[in-house]
Each structure stands twice: as structure tokens, then as C-alpha cells.
Amino acid sequence: MKLTNIQRFWISFVLSIPMLIQMLAMPFHWMMPGYNWVAFITTTIIMAISAIPYWKSAISAFKKHHANMNTLVAVGTAVAYFYSIFAMITGRDVYFESAAFVVVFVLLGDAMEEKMHDNASDALGKLMKLQAKDAEVMKDGKFIKVPLDQVKVGDLIRVKPGEKIPVDGVITDGKTSLDESMVTGESMPVNKTVGDTVVGSTINNNGTITFKATKVGSDTMLAQIVDLVKKAQTSHAPIQKLTDKISNIFVPTVLIIAIITFIVWYTFLDASAVEAMLFAVSVVVIACPCALGLATPTALMVGTARSAKMGVLIKNGEVLEEVGDLDTVVFDKTGTITVGKPQVTNIIGNQQQVLSVAASLEEDSEHPLAIAILKEASTQNITPVKVQNFKAIEGKGVTASYNGQVAFIGNDRLLEDNNISQEIVSQAAKLQAQAKTVVYVGLDKQILGLIAIQDAPKPSSKAAIAALKARGLKTVMLTGDNEKVAQAIAKEVGIDQVIAGVLPNEKADHIKKLQKGNHKVAFVGDGINDAPALSTADVGIAMGSGTDIAIDSGEIVLVQNDLRGVVRALDISKKTFNRIKLNLFWALIYNTVGIPIAAGVFASIGFELSPELAALAMAFSSVSVVTSSLLLNKTKIAGLS
């Protein structure tokens, strides 16, 4: 059976108690009967159970011509242990307690790290346990309870007040408010009605709803959150490579310093071989850079877990470093800055004819503007006509055969080959000045009329953008919409720069242009056409309500469809990375300051460290780094109202 670090620590601690008692009794000139044999037996067991893994790791690194953090632990304990065996045989003073307590205190730091890992795993386990155990599914015209693992995509599910939503889905009947705090971090209930999405494991507050299951099992948002957090916590920030390089140089340097310490004390300062050896072992032990190894993973673990509770999913450690260098944040417009649910506000021309042609051409489209047109047609009881020869023209619109005639709907770029009067152009300009998107509807190269559609900014967008600008970041809107509409929206929310009329395949190119201008760019988007830009940007931030492909392309995923999450994401990423740097600084300073003390530089004034005290000091450096990382849980993160 493989023992955990926590188990190894407690076993070693209990076995070292006789040596602790002897150390405390020494000032009173009391000697434990058979102490040398007691110390030998207990220390040998400690070495076999707890020190061997460090020795194996050191030997493995040595074979690869490397030195790691365990090299110093292995060298220090081996020297003290084997010398004490030699001393015991030859009748000299033994120092088994030095070897034993070095292992005990090193394990103290390792046990704390393991405990933190266990707590993080427990937290994720508890998150998964939030799932409902069963669901009321429609079977043969009535709702019956079935185990959760029997729910399939497309099933109709009923949830009553006070019950948990079993899986992700879309409401088909009823309205309610949901407590989504466990996935979004927001305590306020969210009102839901027909057409709205629901997330598995959230709590239904006050209304009975029926919804269609869209994601089950490992595809649900909760399962994906747990998976993302696990991956992030086991990833490495690029700064970890620096830590590894430092350790590879630092460890051999310490061994050389330890040898020099022994030579100086034994040759020039008239110390005995034993005294010189103890100074050298103290140097090796106190310099063990365990805290250096804990600096990055502990902060990364706490930071990603904290961000997940806030509805911000950080996919890997690399993004933390990138966030610190950002100077520009680029936003998609529809569904990111705006609500993403456009509504028809104006129809110019014969309403019945314009809507009939428009709805017929857009019937199979899932574009937000098409959905708005179809919704308006449905409201006015207009039934779309089946069209022929349908053709989509990217970034412009669509054409098709409508009742034997060529019909079209699209933006002004589609009108190059179609007649358009100055009056129509003037009317379109007025609507665009009101932040409305205008689509032209025509038949046989003649304009039938206009449809104006408006998508309002999210209530939180203005505050979020102001917060980003307050942090010194430039804000840019990148959209395929008309320049006038884009400028009107940008003015309303406070965007610095607008890049409008961008085709879907051009978004990534505009990101590259900004990067070539020496800008570090974050891109925030939610649609399929945003995926290339999300991948191209230095940091891709995907809105959780967006498409799967957009979420896969982003390095940070916002569970909420709210731009305040961007501010929180950047804040928690920066603070986590800053905590990593702080941890590394203190770990290096601690080792650097500790080495001369352990080497006996201040021995002339009575200030020196035995190997076991050096081990305790080294353990406290590990504890301080773990504590520093845990304080990330208390760090204030942007709280926008």
C-alpha cells in the first residue's frame, strides 16, 4: 500500500518522539537508557518509510545529470544518518535526530501541500454531488421519475419549486426564478421563461417549468466546469520553467557551498570533523528549495478554484502570465456587448410583403437577426413561403427564388447590383444613426423595403468597459455591423475604437494587425465566427452562453453572459500571477539569507543552526508559501454593481 505524505508525516513524527524527549532532557543531563539503539531503530524506520522516496528522486535526477529539490534532502539526511551509524559503531556521539527531524519537517511542508490538493479535490467532488439524483421525464404522456443517468438529450423534464434542475436544457413551458449561484457566483435569483436556458444543479425557486434536455452527463456545464478546473490546477505556468532552471543551478551551488563550509570549518577554524559536518549538513538542509517548488502550483490551485466560484473558468496556467501584459481588450458586438436578442423596431415599405419575403429567406437561419425577423413574422401571423435555389453570401446576405422571382435580403454590400433609391438610402441612414441595424429586402433587383432591428447593450456593459479603461486598457469593438450602428453602440457603452463592417473570416486578421502594432490583445466573443479571433488573441475570453466551438477556443470562459466577468477574470488572473511572483521572491530570499546562518557565519556571536533546526526553518518557509497562496481566497476581486 502506498502511503500519502500526510500518513508518512504522522508515522515519522510519532517515531521521532523519543528523540524529541531526549533533546528536551539534554539540558538536565538525563540520558535515555539505550538511547543510541532507540534512535537507530526509529530513524532507520523513518528513512525506510519516508526518506527513501526523496533518495530515489535524487538518484533518478542524478542519472539524468540534473539536480532537483529532493537532492538536498537526500544528501543531508544520508550524511547525518550514515555518519551516525559509523559514530555508533566507533563509540562517538550520534546525530540520528538530525536525519530524522529533517525528514519530519520536510514532510510537514509536503503534507500541507497534499492537504491543499485534497481540499481542492473535495471541493470539486462536492460540486459534482450538487447534481440531482433523478428527474421527472415525460414518458408515454405522463411524467415519471427516472435515475439521472437515464435522461437523454431531447427528453422533456418537469421541475417543481424547490427542486434542482437535473441537466442543462431550454424551457418549453412555464416561468420561474433560478438560484444559479453555484455556477455563476451571483447570489441574486435569475428570472427564466420559455426559450431561456437552464443549467443542471441550479435550484428552481418558485415556479413549475418544463424544459427540453440539451446536454446530459459529462456534457453538462457543471461537469465541464469541474473538468476545466482540474486541468487548470494540474497545468504549469511558464514561470514554472524558470523555477525549474533556478533549482537546477541552485542545488549544485548549495552542495559546493556545503563542501566549502566543511573545509573552512575543519581546516581553518579548528572545528572537529563532526562539527564541520553538521555545519555542512545544515547548509544543505536549510537551502532545500521546497518553498520554491510550492510557489507556483499552490497559488495556481487556489486562484483557479476561487475564480471558478466567481463564474470565471481559467483553462491553464499560461494565461495568468499573458494577462499581466495586456493593453487592449477587443469585443465582438452581438451577444457580447449587446444582449444578443435583437428585435424588429421598424419596417419601411409594404409590411406584409416585406416581412413575407424576409421570413421566407431567413426561415432556416439561426442568425440573431434572422430570428428577430421570424419572430416578428410570427407575431403578425405571416407564414413563410418555401423558397428555391437558396444561396448565402458571406458577410452580405442571402438570395433565393421566391414564387419564381429572385429575392434577396442583406446589408448594403449586397446592393451593388440592385437598384436603390436615394430615399431608401436616407431612411436607412436615419435608422442607423439610432443604433439600429438595417437590412434591405428586395425582389427582382428592386428594393421592396427596409427592416430595422435593434439589439440593446447589456445593462452591465457600460460599467464593465469603464472598469477596464480605469485599469489602463484600451477597448475596441470588432463587428460585422454597419459603421453608424457600431459607433452608436460604442458611444453608449464607452468603447474607445470601432472596427466595423468586418467579415467573419477577417476578425482574426484584425487581431493580428493589433498585435503587429506591439499590442497585447484579449478578445471577448461568443459566436462560431469568433473562434479564429479567440485562438489568435494573446488571451481569448469566451462568453459561457456562446457556442461550444467559441468556448473551446477561449482560454478563459465566463459562465455568466456578463461583461463584468471580463474584469473579474483579468483581476483574479493578475492577482494569482502576482502571488506566484511574491511566493518565488520570498522562497529565494529565505534560502539566500538562511545559507550563511546555517554555514556558521554568525557562530562567533552564538547564532547558529543545527541540522534539525535548519529543517524546521526550511519547513516554515514552505508553510509561509502555502499560507501566502491561501490568502488569495481573501483577496478582494472587482465587485461591480
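Where helix H15 touches helix H20, Ala464, Ala467 and Leu468 of H15 meet Arg564, Val566, Val567 and Leu570 of H20, where contact means heavy atoms within 4.5 Å. Sorted by class, the residues of this contact are six nonpolar, no polar and one charged; here Ala, Val, Leu, Ile, Met, Phe, Trp, Tyr, Cys and Pro count as nonpolar, Asp, Glu, Lys and Arg as charged, and the others, Gly among them, as polar. The model is predicted, so local features need pLDDT of at least 70 and side-chain atom pairs count only at pLDDT 80 or more, while totals for chains, interfaces and linings use all residues. Residues are numbered from 1 along each chain as its sequence is written, and side-chain values use heavy atoms, with hydrogens and water left out.

H15 covers residues 461–470 and H20 covers residues 564–598, and the two pack at an angle of about 30° with their axes 8 Å apart. These axes are lines fitted to C-alpha atoms, for helices over the stretch in contact, and the angles run from 0 to 180 degrees between N-to-C directions. H15 and H20 are therefore roughly parallel to each other, given that angles under 35 degrees count as roughly parallel, over 145 as roughly antiparallel, 65 to 115 as roughly perpendicular and the rest as oblique.

Turning to the whole chain, there are 21 helices and 22 strands, which are DSSP runs numbered from the N terminus (H or I with at least four residues for helices, E with at least two for strands). Of the 641 residues, 52% are buried, where buried means under 20% relative accessible area, exposed over 50%, and partly exposed in between, with a 1.4 Å probe and protein chains only. Among contacts between residues at least 6 apart in sequence, 69% join residues at least 24 apart.

Which residues does Ser16 touch, leaving aside its neighbours within four places in sequence? They are Ile46, Phe101 and Val104. Ser16 itself has its place in helix H1 (residues 5–25), and Ser16 is buried, with a relative accessible area of 1%. A polar atom of the Ser16 side chain lies 2.7 Å from the backbone oxygen of Phe13.

Leu222, found in helix H6 (residues 221–233), also counts as buried, at 1% relative accessibility. Between Leu222 and Thr202, which are 20 residues apart in sequence, the C-alpha to C-alpha distance is 9.5 Å.

Asn68 sits in the loop between helix H2 (35–63) and helix H3 (69–90). Its C-alpha atom is separated by 6.6 Å from that of Ala58, ten residues away along the chain. Apart from neighbours within four places in sequence, Asn68 is in contact with Ser57, Ala58, Ala61 and Val251.

Two further residues are set out by their backbone angle phi. Most residues other than glycine have a negative phi. Asp140, however, has a positive phi, and so does Asn389, although Asn389 is not a glycine.

| Residue | Phi | Place | Relative accessibility |
|---|---|---|---|
| Asp140 | near 55° | loop between strand S1 (134–139) and strand S2 (142–147) | 82%, exposed |
| Asn389 | about 50° | strand S13 (residues 388–393) | 65%, exposed |

Asp140 thus lies in a loop between two strands, whereas Asn389 lies within a strand.

Definitions and conventions
Polar contact = N/O pair within 3.5 Å; in protein donor to acceptor, adjacent residues only side chain to side chain.
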